[in-house]
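This report describes a protein model and its two ligand sites. The sequence and structure come next, and the description follows.

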Amino acid sequence: MANQNDASEEKQPAETGTTSAREKASFAVPVIKGLANTLAHVLRREPNTIHYPDEKRTPYPGYRGEHRLKRDALGREKCVACFLCSTACPAHCIEIVAEEAPWSDREKRPRLFNIDMMRCIYCGMCEEACPCDAIELTPVYNIPSRTRGEKIYDKEKLLSL
Ligand code: SF4
Ligand code: SF4
């Protein structure tokens, strides 16, 4: 018994050495590929920057930017103040106060609809939750503001985007 244990202990350093060499090789290949890729980009001399704001970057399809409230064919807000978007919002940044709608095809509309864009994480859950297709995240990414208060978008601002 003692002899078998001794034999296995003697083999261990050799096996560990082989694995370590393989591991080193598996690290080296991606590093060399990465360096080659970097070198190729350096030699190509293509600019990776744009002259913003004179040049604007086109967001990729599905980009989730500034929010917008949509209007229907009659120019009315589509929102029926059902609170599903604010319930779904994980950042709790949508505030809605409902009022009776002056139209016969719906019961309510939002009297107040605020989104605190400083808290928004642009997850798109509000758009997913809306049963009326009344809110969407647009490709717009560059609305400047000087104060935190300006980043609370009210109903008028959301309808104008
Ligand atoms: S994008 Fe997400 S975090 Fe922002 S308002 Fe919609 S649900 Fe809330
Ligand atoms: S935007 Fe859509 S989900 Fe949110 S309150 Fe209006 S109708 Fe409901």
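For the ligand shells, Ala, Val, Leu, Ile, Met, Phe, Trp, Tyr, Cys and Pro count as nonpolar, Asp, Glu, Lys and Arg as charged, and the others, Gly among them, as polar. The model is predicted: local features need pLDDT of at least 70, side-chain atom pairs count only at pLDDT 80 or more, and totals for chains, interfaces and linings use all residues. Residues are numbered from 1 along each chain as its sequence is written, and chains are lettered from A and ligands numbered from 1 in the order in which they are written.

**Ligand shells**

A residue belongs to a shell if its C-beta atom, placed from the backbone, lies within 6 Å of the ligand. Ligand 1 is surrounded by 14 residues, and the closest are Cys89, Cys120, Cys123, Met125 and Cys126. This shell has 13 nonpolar residues, one polar residue and no charged residues. Around ligand 2 there are 13 residues, with Cys79, Cys82, Leu84, Cys85 and Cys130 the closest. The class count for ligand 2 is 13 nonpolar, no polar and no charged.

**Fold and sheet**

Helices (H or I, at least four residues) and strands (E, at least two) are DSSP runs, numbered from the N terminus. The protein has four helices and five strands, in the sequence pattern α-β-α-β-β-α-β-β-α. Two strands pair if DSSP finds at least two bridges between them. An open sheet is formed by three strands in the order E2-E3-E5, with antiparallel pairing. E2 and strand E5 (152-153) are its edge strands, each pairing on one side only. E2 and E3 are joined by seven bridges, and Val97 stands opposite Leu112 in E3.

**Burial and contacts**

A residue is buried if 20 or more other C-beta atoms, placed from the backbone, lie within 10 Å of its own, exposed if 12 or fewer, and partly exposed in between. Of the 161 residues in the protein, 12% are buried. A nonpolar core is a set of buried Ala, Val, Leu, Ile, Met, Phe, Trp, Tyr and Cys residues joined through C-beta atoms within 7 Å. The largest such core has 15 residues, and Leu69 and Ile135 have the most contacts inside it. E2 and E3 each supply at least two residues of this core.

Two residues are in contact if their C-beta atoms, placed from the backbone, lie within 7 Å. Beyond its neighbours within four places in sequence, Leu69 touches Glu77, Cys79, Phe113, Ala134, Ile135, Lys155, Leu158 and Leu159 by this criterion. Of the contacts between residues at least 6 apart in sequence, 67% join residues at least 24 apart.

**Loops and backbone geometry**

Most residues other than glycine have a negative phi, and most peptide bonds are trans. The table lists three places where the model departs from this pattern.

| Site | Backbone value | Loop |
|---|---|---|
| Tyr52 to Pro53 | cis, omega near 10 degrees | Pro53: between helix H1 (2-44) and strand E1 (67-69) |
| Tyr122 | phi near 55 degrees | between E3 and helix H3 (125-129) |
| Asp133 | phi near 55 degrees | between H3 and strand E4 (135-137) |

Tyr122 counts as partly exposed because it has 14 C-beta neighbours inside 10 Å, whereas Asp133 has 11 and counts as exposed. Glu107 lies in the loop between strand E2 (94-100) and strand E3 (108-116). Glu107 is exposed because 12 other C-beta atoms lie within 10 Å. Its C-alpha atom is separated by 9.0 Å from that of Ala81, 26 residues apart along the chain.
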